[in-house]
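Subject: Structure handover

Hello,

Here is the structure I promised to pass on. Please open it first, then read my notes below.

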Amino acid sequence: MMHFLPFLLLIFSLQALAAEKPLVVVSVLPQKTIVEGIAGDLLQTEVMVGKGFNPATYQPSPRQIARLSRAALYIRAGMPFEQSWLPRFIAVNPNMSILDMREGLKLLPGQGHHAQDSDPHIWTDPELVKQHAQRLRERLGARFPQHKSRFDERYSRFAAKLDALDEELKTTLAPIRGQAFLVYHPAWSYFAHRYGLKQIAVEQEGKEPNPRSLARLIETAKKAHIHTILVQPQQSAATARVLADAIGAKLVGMDPLQPDIFAALRRLAAALTAKQA
């Protein structure tokens, strides 16, 4: 019996591997919501940058690199860590398909870590999410044709939810259209552009403001009657606190990498339209 044990273990391992769902790897958590919106439980989705980690400085773990060896698709978000790591991902799995979620979209100029790069946070605009989801549906349908009808059905429902969210946000934000809001890290530029708002960022090209820039920012915030500064958990809030004290504003935590896109954008709209005490 002992002679058959290694053989049986090999058979069970092969069966478990065969039963495992095709793997899609994404860069950040909001992308996982989009993939699952189209694929449901037909695919397995894993995220590189988990909750609380900074995608500007993230270092993938050896386990994550190993998992990429069996991934069918990697969806790039345009985050800073990908610039150095993506070639290594491809080297691990040359057969892995790559989809850049910014592909085919009208992008805004970058305002964060590298001025020459476009802002990667496209999931803050429901219309851009829908456009990306359509391309994702096409890519998944071509890669997994046996599930194409399911992908098409789920895309229709997902797109309808995005349309409803967009209309809701237009209504909610209409009273403050044209106004400015202050953020530490410029992660909400697509949201601002979509709904006619102006985003003013404390951080410029990934750097803290110098004393002269900070003084100008304080003056700008006062003139714009800004009473709220948005900060995110992946970034230091020290400078934002100094600014808040100077203009009498409060800090409000707002995570642009929250998995639930719908809840995140509704919460942001509520914070921007909240009446000041």
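What share of the contacts in the protein with a separation of 6 or more comes from residues 24 or more positions apart? The figure is 61%. Please keep in mind throughout that this is a predicted model.

**Overview**

The protein has 277 residues, and 49% of them are buried. Its secondary structure consists of 10 helices and 8 strands. The exposed surface comes to about 14,000 Å². Carbon and sulfur atoms supply 56% of that surface.

**Around strand 3**

Start with strand 3, residues 71–76. Of its 6 residues, 5 are buried, so the strand is largely enclosed by the rest of the structure.

Strand 3 pairs with strand 1 (residues 23–28). The two are parallel, and 4 bridges join them. To find the place, look for leucine 23, which stands opposite alanine 71.

Strand 3 also pairs with strand 4, residues 97–100. Again the strands run parallel, with 4 bridges. Here arginine 76 has aspartate 100 of strand 4 as its bridge partner.

Helix 4 (residues 80–92) belongs to this part too. Together with strand 3 and strand 4, helix 4 makes a β-α-β unit, and the unit is right-handed.

Aspartate 100 appears once more, this time through its side chain. It forms a salt bridge with arginine 102. The closest N and O atoms are 2.7 Å apart. Are these two residues buried or exposed? Aspartate 100 has a relative accessible area of 19%, so it counts as buried, the cut-off being under 20%. Arginine 102 is buried as well, at 15%.

**The open sheet**

Now turn to the sheet built from 4 strands in the order 6-5-7-8. The sheet is open, and its pairing is parallel. Which strands sit at the edges? They are strand 6 (198–201) and strand 8 (250–253), each of which pairs on one side only. Neighbouring strands of this sheet are turned against each other by 35 degrees on average, direction ignored.

Within the sheet, strand 7 (residues 228–231) pairs with strand 8. This pairing is parallel, over 4 bridges. Leucine 230 is a useful marker, since it stands opposite valine 252 of strand 8.

Helix 9 (residues 238–247) packs on the sheet. Helix 9 touches strand 5 (180–183), strand 7 and strand 8. The direction of helix 9 makes about 175 degrees with that of strand 7.

As background, the strands of a sheet pair through backbone hydrogen bonds, in either the parallel or the antiparallel sense.

**A loop residue to look at**

The loop between helix 8 (211–223) and strand 7 holds histidine 225. What is its phi near? The value is near 55 degrees, which is positive in a residue other than glycine. Most residues other than glycine have a negative phi. Histidine 225 is also exposed, with a relative accessible area of 62%.

**Salt bridges**

How many salt bridges does the structure hold? There are 15. The bridge between aspartate 100 and arginine 102 has come up already. Some others are worth a look.

Lysine 148 forms a salt bridge with aspartate 152. The closest N and O atoms are 2.9 Å apart. Both residues lie in helix 6 (residues 148–173). They are 4 residues apart, about one turn of the helix. Lysine 148 is partly exposed, at 42% relative accessibility. Aspartate 152 is partly exposed too, at 23%.

Glutamate 168 forms a salt bridge with arginine 266, at 2.9 Å from N to O. This pair links distant parts of the chain. Glutamate 168 is in helix 6, while arginine 266 is in helix 10 (residues 261–273). The two are 98 residues apart. Glutamate 168 is partly exposed, with a relative accessible area of 33%. Arginine 266 is partly exposed at 37%.

There is also a network of salt bridges. It links Asp125, Asp166, Glu167, Lys170 and Arg194.

**Where to begin**

For a quick tour, start at strand 3, which is largely enclosed by the rest of the structure. Go on to the open sheet with the order 6-5-7-8. Finish with the pair of glutamate 168 and arginine 266.

Best wishes

Technical notes: Residues are numbered from 1 along each chain as its sequence is written. This is a predicted model: local features need pLDDT of at least 70, side-chain atom pairs count only at pLDDT 80 or more; totals for chains, interfaces and linings use all residues. Side-chain values use heavy atoms; hydrogens and water are left out. A salt bridge is a side-chain nitrogen of Lys or Arg within 4 Å of a carboxyl oxygen of Asp or Glu. Buried means under 20% relative accessible area, exposed over 50%, partly exposed in between (1.4 Å probe, protein chains only). Contact means heavy atoms within 4.5 Å. Accessible areas come from the Shrake-Rupley method with a 1.4 Å probe; for residues, only the protein chains shown count as cover. Two strands pair if DSSP finds at least two bridges between them. A crossover is right-handed if, with the strands pointing away from the viewer, the path from the first strand over the helix to the second runs clockwise. Axes are lines fitted to C-alpha atoms, for helices over the stretch in contact, and angles run from 0 to 180 degrees between N-to-C directions.
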